[in-house]
Amino acid sequence: MDLKEVRLAIIGTGRMGEAVLNGLVKSGVLGASQIILSDVQKEHLGQLASRYSVYPASDNIQAVKQSNVILLSVKPQQIDDVLIEIAPAINNQIIISIAAGVKTEHIFEKLGKKTQLVRVMPNSPALVGKGISVLSKATGCTQDSLELVSKLFSSIGEVVYLEEKFQNEATALSGSGPAYFYLFVEALIEAGVKIGLDPEISKKLVLETLAGSGAMLKKTGESPEALIGKVASPGGTTEAALKVFADENLKKTVFEAVKSAVKRAEELDKICTG
């Protein structure tokens, strides 16, 4: 399917649903006339429709019937009700699910039919066009459908492809990952304040350091280890700080945290698809 032929229904217009909408419209990947929105929060729906000049559906059934691509952007606890509701209206549309912890086989089961289905795990930086989305195609999904979904999600950042069995691991890294960086940033800012810096100065120093370090990693292509070596001089200040991190076994703490996130994702899988 060519992008010009897409008629996209976004069911659920929370933060991530709006992030996708914003990315698609602002990037020009889709025109506003190609998008229809549906949400139980009618006031919010009307506000978004007005802001982005897109069409607000009266209900999910209308949205589905007028679309050939459907984005399910609802909470995992709500998805069963939505799937059962829209099942009779499904007619060969491509379905995209960003509901965390909901397996594609479960979606097929609730729909009572097979369709072109792609499971996606985006992350919160999508709100500023800097997200990364993990795409997994369901059984029977064609490469053409996967590529179309990739083009749509490229409007909010980067995309990677993984087998669905790795979605929980991806969720633990990129889905939850922004919060880990925010925590470290918070700790650095607080440390700066405790050693005497003005809070705003400490914040600016940390945020610009974070942005610059990320850019260095991405643009140089060098490994984190190599870049650490270029900052840490023998006997210097950086080496002194890194020794404390090593003594406190920071890497082990991070690993245990990620493992805990994977475990919780597996638990959610069972709750949502059990």
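This passage describes the sheet, one helix residue and one helix pair in a predicted model.

The sheet is open and is formed by 8 strands, arranged in the order β3-β2-β1-β4-β5-β6-β7-β8 with mixed pairing. Strands β3 (55–56) and β8 (157–161) are the edge strands, each pairing on one side only. Helix α1 (residues 15–27) packs on the sheet, where it touches β1 (8–11), β2 (35–38) and β4 (69–72). The direction of α1 makes about 165° with that of β2. At the β8 edge, strand β7 (residues 131–137) runs parallel to β8 and is joined to it by 5 bridges. Within this pairing, Leu 135 has Tyr 161 of β8 as its bridge partner.

Both of these residues are also in contact with Ser 150, a residue of helix α6 (residues 143–153). Val 159 is likewise touched by Ser 150, when residues up to four places away in sequence are not counted. The relative accessible area of Ser 150 is 9%, which is under the 20% cut-off, and Ser 150 is therefore classed as buried.

Helix α7 (residues 167–175) packs against helix α8 (residues 177–194), with the axes 5 Å apart and at an angle of about 30°. Angles under 35 degrees count as roughly parallel, so α7 and α8 are described as roughly parallel to each other. On the α7 side, the contact is made by Ala 172, Leu 173, Ser 174 and Gly 175, while α8 contributes Gly 177, Pro 178 and Tyr 180. By class, the contact of α7 with α8 comprises 4 nonpolar and 3 polar residues, and no charged residues.

Conventions
Residues numbered from 1 in each chain as written. Predicted model: local features only at pLDDT ≥ 70, side-chain atom pairs only at ≥ 80, totals over all residues. Heavy atoms only, no water. Helix = DSSP H or I, 4+ residues; strand = E, 2+ residues; numbered from the N terminus. Buried < 20%, exposed > 50% of the residue type's maximum accessible area, 1.4 Å probe, protein only. Contact = heavy atoms within 4.5 Å. Axes fitted to C-alpha atoms, helices over the stretch in contact; angles between N-to-C directions. Parallel < 35°, antiparallel > 145°, perpendicular 65-115°, else oblique. Nonpolar A, V, L, I, M, F, W, Y, C, P; charged D, E, K, R; others polar. Pairing = 2+ DSSP bridges.
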